[in-house]
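Work through the exercises below with the sequence and the 3D view open beside you. Each one sets a task and then solves it step by step.

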Amino acid sequence: MLRYIGKRLLMMVITLWVIVTLTFILMVTIPGSPFNSERGTNEAVQANLEAHYNLDKPYIVQYVLYLKSIVTFDFGPSIKQPSQTVNEMLGRGFPISFELGIITIIVAVLSGVTLGVFAALKHNQIIDYVAMGFAVLGISIPNFVLATLLIQQLAVNIEWFPVARWLSPAHMILPVTALATGPMAIIARLTRSTMLEVLTQDYIKMARAKGLAPWKIICKHALRNALMPVVTIMGTLLAGILTGTFVIEKIFAVPGMGKYFVESINQRDYPVIMGTTVFYSAFLIVMLFLVDIAYGILDPRIKLHKKGGRE
Amino acid sequence: MKINVTDQTGKKPTSHTEIPDEWFSWKERDTKALETVSRPSLSYWKDAWRRLLKNKLAMTGLVFLILLTIFAIFAPILSPYEVNKQNLPDQYQPPSSQHWFGTDNGGRDVFTRTWYGARISLFVGLMAALIDFTIGIIYGGLSGYKGGRTDSMMMRIIEVLYGLPYLLVVILLLVVLGPSLGTIILALTVTGWVGMARIVRGQVLQIKNYEFVLASRSFGAKTARIIRKNLLPNTMGPIIVQMTLTVPSAIFAEAFLSFLGLGIQAPFASWGVMANDSLGAILSGHWWTLFFPAFFISFTMFAFNVLGDGLQDALDPKLRK
Amino acid sequence: MEKLLEVHDLHVAFSTYGGTIKAVRGVNFYLHKGETLAIVGESGCGKSVTSQAIMRLIPEPPGKIVRGKVMFKGKEITRYTEKQMRSIRGVEISMIFQDPMTALNPTLTIGTQLMEGLQEHQSIRGETATSKALEMMHLVGIPNPKERLKQYPHQFSGGMRQRIVIAMALICEPELLIADEPTTALDVTIQAQILELFTTIQAKTGISIILITHDLGVVAKIADRIAVMYAGKIIETGTKRDLFYNQQHPYTKGLLKSVPRLDLKEEQLSPIDGTPPDLFAPPQGCPFTARCPYAMEVCDNVYPVTTERSSSHRVDCWLQDKRAQQLLARTANQ
């Protein structure tokens with residue numbers, strides 16, 4: 001187990017290094033970025049940038065110092081709002097985005113798994129077809145389309161929910177629905193197909209031959225094995241939800257990091273784009289690592305190097 | 001010896017005496033019949049095609065995509081309106097016999113723009129799938145074919161790239177390169193090929209296994225035929241499915257980028273750009289400006305997804321019965 | 001002797017897209033207390049389906065017990081509700097499956113899987129359950145049972161896993177054990193050990209065993225009686241002696257010829273030509289006709305009546321008819 005974690009940890013560090021280096025190289029080599037100080041911006045800003053990125057020094061030194069600033073979690077200043085640092089923006093926006101993301105994940109997993117399990121248990125019956133039809137729609141409709149439809153129908157036309165912002169639980173319902181539908185559909189389909197496969201396994205037959213109650217067979221023997229693949233795609237789903245927050249926060253005017261990020265892209269506020277990208281990448285990569293570890297804990301077969309072993 | 005006359009089948013009771021004596025004669029043996037398999041064997045592709053035809057949902061998807069392609073090619077040519085010509089007096093006309101899908105904020109015909117957008121969106125999707133396929137085949141093929149240390153090095157690189165957050169890298173690249181048709185396709189494929197490479201490598205490893213078996217049996221000239229008839233179909237299946245599913249995810253990614261202002265820029269108008277431009281309009285009641293591009297994005301994604309599912313079922317040799 | 005299990009005219013069918021597969025087509029047999037019955041046949045002949053039908057483990061749909069009844073200890077269990085069946089499964093009738101690699105849940109410890117039957121049926125938990133589990137592991141010959149209890153299936157070898165599966169099946173002390181190809185997936189040396197284990201357990205507990213197999217070598221070792229199945233029917237049944245030394249059905253003869261024997265070196269191994277019939281549309285006559293070296297016109301048209309050669313030995317074959325015997329004699333003279 002320790003070896004497994006160690007290997008994953010190493011992979012994580014390498015991936016982080018690649019994304020940081022990629023960011024640096026892109027910013028340095030592309031004309032028009034603040035690193036090539038050809039374009040005259042506000043002098044105070046320029047001074048700020050030069051101080052933070054050590055633009056007067058050779059690239060290699062810049063790179064080392066940049067790495068150092070990343071490791072110490074210092075993402076530097078913003079160009080467009082010189083009074084703010086990227087850290088301050090993250091501090092304000094990220095908790096809200098995180099809240100939106102976490103609620104979305106919980107909703108998506110709970111409803112997706114439930115839907116998938118019911119569809120599998122009622123295989124080739126009405127419930128199965130309805131659930132899977134719903135899931136295919138959920139995968140096909142992009143979240144921004146769904147978000148707009150929800151606003152127009154449920155917030156503008158019949159005024160059940162507030163149109164925008166992030167103030168109360170009522171404000172959360174529409175953005176979370178818009179963001180959770182896609183991942184929920186993916187989870188439902190995956191749960192259904194793995195569940196169907198697991199249900200034909202010999203150990204399920206064995207459990208039935210033992211005379212176990214059906215719900216026990218499903219909860220104890222089938223579900224746990226059926227959820228393994230769902231755990232493995234959690235990383236991808238998290239990435240999807242995280243990038244989804246950019247769009248959803250923009251549409252629902254939620255003051256999270258996603259909204260700042262989109263604004264910074266529109267204004268070409270390079271330090272903010274860089275800082276946020278690196279921060280979000282790091283966040284996702286760490287999440288991916290945690291998912292891997294969780295998988296190792298859930299599946300005893302991963303612990304190949306533990307004592308005992310094969311006889 | 002006691003002869004007990006019972007009947008196990010539960011059919012009409014019979015007894016020894018009811019059977020005519022002449023039936024007790026040797027039956028002529030048909031040795032050929034022993035060797036024939038009871039079910040006719042269809043070629044792999046025919047069989048897969050037959051099963052795909054049976055899948056109504058997948059066929060709906062396929063027919064939709066064919067129609068979409070035809071319309072995308074011909075509709076803009078036949079339309080009397082120009083894609084980008086603004087005509088402000090005609091702003092926000094609801095759908096009518098003149099403007100089938102209505103007009104947008106610039107008074108442009110949404111029908112024409114939708115089909116024009118189909119060209120862009122399909123082009124982006126197909127190019128992304130094609131480039132992923134090409135790089136994936138070369139990289140995955142090389143990795144699987146070489147094996148050993150080369151393979152494990154190449155797989156390490158894949159693992160790192162796979163860990164990178166796809167859309168964030170795409171955003172970063174587009175911010176730096178500036179959005180255009182070419183850079184969007186480039187950005188979408190720069191890490192997008194990784195999934196394909198993994199699949200190809202797995203399939204190549206499988207073929208290598210077969211080859212070993214084949215060589216040891218020295219089939220000689222028949223080898224090529226066996227590879228073509230048995231191995232290629234089995235290995236092409238997952239690759240075709242992966243390509244089918246790459247197209248909608250590229251279309252979705254392009255639409256997503258439009259929302260960040262990183263989509264295709266004027267004078268082109270992809271569905272994503274059209275939908276993004278119309279977000280405000282829908283609140284003022286001009287639903288058609290969003291509805292048509294959004295509908296086509298959704299239905300195209302739907303069509304590719306169900307087609308991919310159908311192909312997966314049809315091409316999976318394990319399900320062959 | 002008391003009959004523990006009786007199967008009367010059992011029919012099982014599966015509906016598929018291609019049509020209905022008549023997997024079991026009127027099977028009759030019985031089992032005495034403490035006896036071992038072997039059901040032998042090629043794959044797809046319906047032997048596994050028969051055993052699963054007894055336990056009512058056939059997935060419905062697509063499967064269905066069309067007709068017939070199963071009597072267990074004088075009670076017609078084919079009429080039991082699913083809940084009543086559950087109180088029999090694992091408690092009175094247990095089953096083990098072919099592949100010990102897949103019969104154990106990879107994500108649960110051996111201990112959990114061993115003891116869950118006890119918890120379900122006898123509400124035995126904690127210390128008592130653990131000691132019972134240890135006792136069972138000892139019975140099936142697993143060293144270091146205490147340590148092993150906390151391990152996962154992947155930490156066991158194939159033979160050890162099959163022992164665990166057997167322990168799992170025996171933990172509630174059932175009266176009947178149905179073993180579906182219990183040694184097929186194992187190495188030859190391990191096979192012998194597992195068969196030995198069956199004999200030991202039977203001697204200790206007096207359990208009755210139905211052994212499903214395609215391997216006549218297995219049968220020779222531990223079966224008391226044998227039933228040969230072909231295309232969903234039992235075509236010949238009798239004691240081990242009846243079938244090994246006085247087999248009547250050409251199929252049984254063919255089966256025995258295709259088994260390598262150490263005592264008869266000069267005789268050639270001969271496989272049976274052809275394949276079993278398609279069970280979508282089973283022939284109306286004897287299903288073996290197409291492959292039978294003694295096929296007669298009658299065989300194609302009418303299913304043979306059952307001939308009782310002795311109280312234990314029964315065979316379904318037209319060769320038992322007097323006129324067929326005359327035909328055989330005439331052919332021999334020519």
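**Exercise 1: Annotated segments of chain A**

Residues 100-121 of chain A are 100% helix and 0% strand, with end C-alpha atoms 32 Å apart; here helices (DSSP runs of H or I, at least four residues) and strands (runs of E, at least two) are numbered from the N terminus. The model is a predicted one, in which local features need pLDDT of at least 70 and side-chain atom pairs count only at pLDDT 80 or more, while totals for chains, interfaces and linings use all residues. Residues are numbered from 1 along each chain as its sequence is written, and chains are lettered from A and ligands numbered from 1 in the order in which they are written.

Task: find which residues of chain A UniProt lists as "transmembrane region", and describe two of these segments.

Solution. Begin with the record: the unreviewed UniProt entry lists residues 9-30, 100-121, 133-152, 172-191, 226-248 and 278-298 of chain A under that name. Such positions are given in the numbering used here, with shortened feature names, and the annotations may be inferred rather than shown by experiment. Next, compare the record with the model, where the segment 100-121 is 100% helix, and residues 278-298 of chain A are likewise 100% helix and 0% strand, with 30 Å between the end C-alpha atoms.

**Exercise 2: A helix and its cover**

Task: state which residues of helix 5 of chain A are buried, and what covers them.

Solution. First locate the helix: helix 5 of chain A spans residues 126-140, and its 15 residues reach 21 Å from first C-alpha to last, close to the 21 Å expected at 1.5 Å a residue (the expected span is 1.5 Å times one less than the number of residues). Then apply the burial test, in which a residue is buried if 20 or more other C-beta atoms, placed from the backbone, lie within 10 Å of its own, exposed if 12 or fewer do, and partly exposed in between. The buried residues are A:Ala131, A:Met132, A:Ala135, A:Val136, A:Gly138, A:Ile139 and A:Ser140. Finally, their cover includes helix 4 (86-121) and helix 7 (169-199) of chain A, together with helix 12 of chain B.

**Exercise 3: Two sides of chain A**

Task: describe chain B, and then set out the contacts that chain A makes with chain B and with chain C.

Solution. Chain B has twelve helices and zero strands, and buried residues make up 39% of its 321 residues. Residues are in contact if their C-beta atoms, placed from the backbone, lie within 7 Å, and by this rule 31 residues of chain B meet 34 residues of chain A. On the chain B side, helix 12 gives the most, with eight residues. By class, that side has 26 nonpolar, four polar and one charged residues, where Ala, Val, Leu, Ile, Met, Phe, Trp, Tyr, Cys and Pro count as nonpolar, Asp, Glu, Lys and Arg as charged, and the others, Gly among them, as polar.

Turning to chain C, 21 residues of chain A are in contact with 28 residues of chain C. Helix 8 (202-209) and helix 9 (214-251) of chain A are the elements giving two or more residues to the chain A side, and helix 8 has the largest share, six residues. That side divides into six nonpolar, six polar and nine charged residues.

**Exercise 4: Domains and strands of chain C**

Task: how is chain C divided into domains, and how does strand 10 of chain C pair with strand 9?

Solution. By an automatic or database domain assignment, chain C has domain 1 (3-92 + 175-280) and domain 2 (101-173), with centres, taken over C-alpha atoms, separated by 26 Å. Their contact takes eleven residues from domain 1 of chain C and 14 from domain 2 of chain C.

Strand 10 of chain C (residues 233-239) has six of its seven residues buried. Strands pair if DSSP finds at least two bridges between them, and strand 9 (residues 225-230) and strand 10 of chain C pair in the antiparallel sense over six bridges, with C:Lys233 as the bridge partner of C:Tyr230. Two residues lie between the strands of this hairpin, where C:Ala231 takes a positive phi near 50 degrees.
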